[in-house]
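Trainee: Could you take me slowly through one part of this model, saying how it sits among its neighbours? I would like a careful description that I can follow while looking at the picture.

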Amino acid sequence: QPIRRIQLQSNQLNISEANGLIYFKAAMKIENHFCDRQILLLPILLQCFSELGGSKRNSAADFDSTVKRFTGGLSFAIHQGHLKRPSLSADMSLLVSSYGLTVNGEKILELLKEALKDCNLLGDQERIKMLISSSAAAMSSSIASSGNKFAALTAGSAFKSSRAKISALLNGYSQAKFLNSLVEEPIESVVAELIELRDQILANSSDFKAALIHSEADESFSNEIENFFTDLKVKKSSKKLSVSPSFSHSESKSIFIPGPFSSNFTAMCLMPFRQSSPSASQSAFLAICAKLLRSKHLHREIREKGGAYGSAASFSPLSGLFTFSSYRDPSPLNSLKVFKSAGKALLSRDAPNEEDLLGAKLSAFSDLDSPVDVSSRGLQEFLYGPELGSDTRRQEYREALRACTLKNVKETIETVLQPLIEDVESLRVCVIGEAGKLELIENDEEIQWQIQ
């Protein structure tokens, strides 16, 4: 496969602020033929890449000390690209990154290659078992502190959107539930699946690209990057997959997940643009509406009157989801009613004025223009391409935020949000709550519950 290099357009930024350091990022597009279980296994595989080291190492500790000696750390993640239509299958890439002194550039690539291609999966099974146990405990603990995030991911995954489904499998309640079950499985069979998954990723990866941020990298380092990608490729296996590929979507529009919690977390999701990506103006107007809904209606009704710790509304142009949520909520069913009344409230008694609109704009600009460190320069364009990540696109979004008027807000609520809120078929709801203490009213607001 041809390798795309970067020099501002080619993704190579030469900047003085690098101060003798080199920041390397690479994305390897993965041909997505994975079933749900294989996607659920990906976070554990990434942890193995980070911590095990190569099969020729004396121990994982030896690998760790070498990484610390030559780099600022190795990072591995699954990245999903930008979709022109939320209903399309999501593109996945393996994103690897590291940084260190410029003189250690070749060593950085060597360690990344060792972590990926020679990961000691077969020889360090006890450590893998420990990683699974610790990950399961950490995920279960995070539900109690960030249950609104898990509820939002679960609700969003009920749409027929591969991107939302994959996000929930990788980072949501499905991942926590899977890790707890994985602890009980024979480690030998789990390791065999991890090896097969790793080989599939390296054999089927394509469309390599790299980003390099530096102040004085040798020109020959570009050749080293090309060799890095070439050396990672492995032959495609003729062996059949151990699990037949499948990709399932929940048929339930409303889900209740009981757990050992003393409070509840609620989320309601809408997908305003199912057939196309939102424009910069549409994204900006929905972001402003979300800010106003939170400050003018949700905070008072859910936080002050309902007694929840917090509430939020947000719109993500990447996932295409508009999300309402509440945090540590004693009255989740009441919060759902508040979510459903939010649009009408903003058109009547809670209608914003110019001062409210200015505050919403300032908040949106604060989210957009937070400081960017050296290692993240150009990262948005590298990850999402010029259509969504370029400075030009960001400037279009800024201009749309600045130009947003109260009329735009009113029209967006009337034509985009309110029709979806009033259509029960367009809503996806999840409540993560205290087991046995949530009164389920099947016909309340036409919400049907499925117990997980």
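Mentor: Let us look closely at strand E7, and begin with its link to strand E10, which covers residues 428–434: the two strands run antiparallel and are joined by five bridges. Please keep in mind as you read that this is a predicted model. To find one place where E7 and E10 meet, look for Thr266, whose bridge partner in E10 is Val431.

E7 also pairs with strand E9, made up of residues 321–329, and here too the sense is antiparallel, with six bridges between the two strands. A residue to look for in this pairing is Leu270, because you can then follow its bridge to Phe322, its partner in E9, and E7 itself, which spans residues 264–270, is largely enclosed by the rest of the structure, since seven of its seven residues are buried.

Now consider the two directions in which the residues of E7 point. Asn264, Thr266, Met268 and Leu270 point one way, while Phe265, Ala267 and Cys269 point the other way, and the residues of both groups are all buried. Buried here stands for a relative accessible area under 20%, and this is the cut-off behind the statement that seven of the seven residues in E7 are buried, so that the strand is largely enclosed.

To put the picture together, Thr266, which belongs to the group that includes Asn264, Met268 and Leu270, has its bridge partner Val431 in E10, whereas Leu270, from that group as well, has its bridge partner Phe322 in E9.

Key. Residues numbered from 1 in each chain as written. Predicted model: local features only at pLDDT ≥ 70, side-chain atom pairs only at ≥ 80, totals over all residues. Heavy atoms only, no water. Buried < 20%, exposed > 50% of the residue type's maximum accessible area, 1.4 Å probe, protein only. Helix = DSSP H or I, 4+ residues; strand = E, 2+ residues; numbered from the N terminus. Pairing = 2+ DSSP bridges.
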